[in-house]
Amino acid sequence: MKKALIIGSGFSGCVPAMLLKEKGWSVTVIEKADFVGGGVRTFLYGEHPFTYGPRHFLSPYPEAYSFLNKYVPLRDLKKINYTYIESDQTFFTYPPHRDDIGKMAEAEQIQKELDVLPEESHAINFETFWTQRVGETLYSKFIKHYNKRAWLLDSNTEMDFGFEATVKRKPLETGERYEFKDWYNCYPIPHDGYNRFFDIALDECEVLLNTNVTGFDLERTTLHINDQKIKGDIIISTISPDILMDCQYGELKYVGRDFLKFVLPIEHVFPKDVYFIYYPNENDTQTRVVEYKKFTLHESPHTLLSVEVPSLKNKLYPTMIQSEVDKAKQYIDALPADVYSVGRMGTYRYIDIDDIIMQSMEFVGTL
Ligand SMILES: Cc1cc2nc3c(=O)[nH]c(=O)nc-3n(C[C@H](O)[C@H](O)[C@H](O)COP(=O)(O)OP(=O)(O)OC[C@H]3O[C@@H](n4cnc5c(N)ncnc54)[C@H](O)[C@@H]3O)c2cc1C
């Protein structure tokens, strides 16, 4: 029987674990935390279910939807995002909507800029991408400061790789305000979110919790844990690839979040269909506030909110900076044939749950 060693039990560890087990492999999953599921695990705060970050399932891929929906029934969301514009002292929907421009203090200037936008844009970085699509004023109001704070950048011109991934639907919206109406936009029906998927995926796998890998002998597909060496036929790593090679080409840069959660003594805070509120003003500290029961439909006379504040205390988001992406590629290219680096950290790409399912199905199919 062939044996796979998988580092990390998030989505990008669990999906390959499940698919390899179905192909008759023996699978050992090594997880440093005391729980499985990584960033998408649902926890309780008091009685309120929550994840760190909202983690709804957003996808254009029917295969990814069908795969997950079999194990965790998914419910469609009709979701609107608000953004608070301090200078207008009001909330607008996000992305900025054409019908709202007349209500903005700079309406005339914004319209002038929209009238002269280039037919075709040739963006070299995040800033030119946005200014060429919505003009300087709308960019400054809705995007500029938010993005600098979200990625802890001095200037948005530093973001020069894959910045298109940050756009929701269209840069300037028209018509209905619900996000991603032509995609699957869903959330698990069960109270414990995606957790049952992790349990099903890892059933009959060996799962070592609270276990840190302290050494990587990649050529011999061997890992050092708790003073022991374990050998597999392949290693699937879902952690940052620099860790596998002792940061020999330099440490990869990531941005994290502090999540501040609190319960309020009121049934609902946000208006109907509003799930997120973004804060894009220059002096804001938080980037986003989420009302969790919009996603979970948890019934309670109280409601749980979380406030997200960009931070370097944890590593959650790979950056979209070409030099960092190149550095990650150097690590990934240097891996021996039987070592696979997958998932959000493993590929150093801004990818979501659905991409991870698609990626896992594809690469496990080749094994
Ligand atoms: C705040 C936030 C919000 C998001 N929201 C959404 C969303 O709404 N919709 C969506 O589709 N996607 C969302 N994503 C992206 C998506 O959740 C991730 O791409 C996906 O969950 C990543 O899964 P993963 O298994 O690659 O990583 P993780 O879930 O981070 O799992 C990695 C696992 O590896 C373990 N580990 C780390 N180091 C070691 C080690 N040395 N030894 C052993 N184990 C180790 C960790 O403990 C963890 O369990 C969001 C991401 C973030 C950060």
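This passage describes the ligand shell, the strand pairings and the helix packing of a predicted model. Residues are numbered from 1 along each chain as its sequence is written. Because the model is predicted, local features need pLDDT of at least 70 and side-chain atom pairs count only at pLDDT 80 or more, while totals for chains, interfaces and linings use all residues.

The ligand has 36 residues around it. A residue counts as near a molecule or strand if its C-beta atom, placed from the backbone, lies within 6 Å of it. Gly8, Gly10, Gly38, Gly53 and Gly343 come nearest to the ligand. The shell divides into 17 nonpolar, 12 polar and seven charged residues. Here Ala, Val, Leu, Ile, Met, Phe, Trp, Tyr, Cys and Pro count as nonpolar, Asp, Glu, Lys and Arg as charged, and the others, Gly among them, as polar. Helix H1 (11–22), strand S5 (57–59), helix H9 (343–347) and helix H10 (353–365) each supply at least two shell residues. Helices (H or I, at least four residues) and strands (E, at least two) are DSSP runs, numbered from the N terminus.

Two of these shell elements, H1 and H10, also pack on each other. Their axes come within 9 Å and cross at roughly 35°. Axes are lines fitted to C-alpha atoms, for helices over the stretch in contact, and angles run from 0 to 180 degrees between N-to-C directions. The crossing is right-handed, that is, the near helix is turned clockwise from the far one by less than a right angle. H1 contributes Phe11, Ser12, Val15, Pro16, Leu19 and Leu20 to the contact, and H10 contributes Ile353, Ile356, Ile357, Ser360, Met361 and Val364. Residues are in contact if their C-beta atoms, placed from the backbone, lie within 7 Å. This contact has 10 nonpolar, two polar and no charged residues.

S5 belongs to an open sheet of three strands in the order S5-S9-S6, with antiparallel pairing. Strands pair if DSSP finds at least two bridges between them. S5 and strand S6 (74–76) each have a single partner strand, so one side of each is left without a neighbour in the sheet. Neighbouring strands are turned by 35° against each other on average, direction ignored. Three bridges join S5 to strand S9 (residues 184–188). Phe57 stands opposite Cys186 in S9. Helix H2 (residues 62–71) packs on this sheet and touches S5, S6 and S9. The direction of H2 makes about 155° with that of S5.

A further open sheet has the order S11-S12-S13, again with antiparallel pairing. Strand S11 (213–217) and strand S13 (228–231) are its edge strands. Its neighbouring strands are turned by 25° on average, direction ignored. Strand S12 (residues 222–225) and S13 pair over four bridges. His224 has Lys229 in S13 as its bridge partner.

Parallel pairing occurs at strand S14 (residues 234–237), which shares four bridges with strand S1 (residues 3–7). S14 also pairs in the parallel sense with strand S20 (residues 339–341), over three bridges. Ser237 of S14 stands opposite Ile7, and its bridge partner in S20 is Ser341.

Helix H3 (residues 107–115) and helix H4 (residues 126–150) pack at about 160°, with their axes 6 Å apart. They are therefore roughly antiparallel, a term for angles over 145 degrees. Their crossing is right-handed. Gln109, Ile110, Glu113 and Leu114 of H3 meet Gly135, Glu136, Thr137 and Leu138 of H4. The contact holds three nonpolar, three polar and two charged residues.

Note on methods:
Parallel < 35°, antiparallel > 145°, perpendicular 65-115°, else oblique. Contact = placed C-beta atoms within 7 Å.
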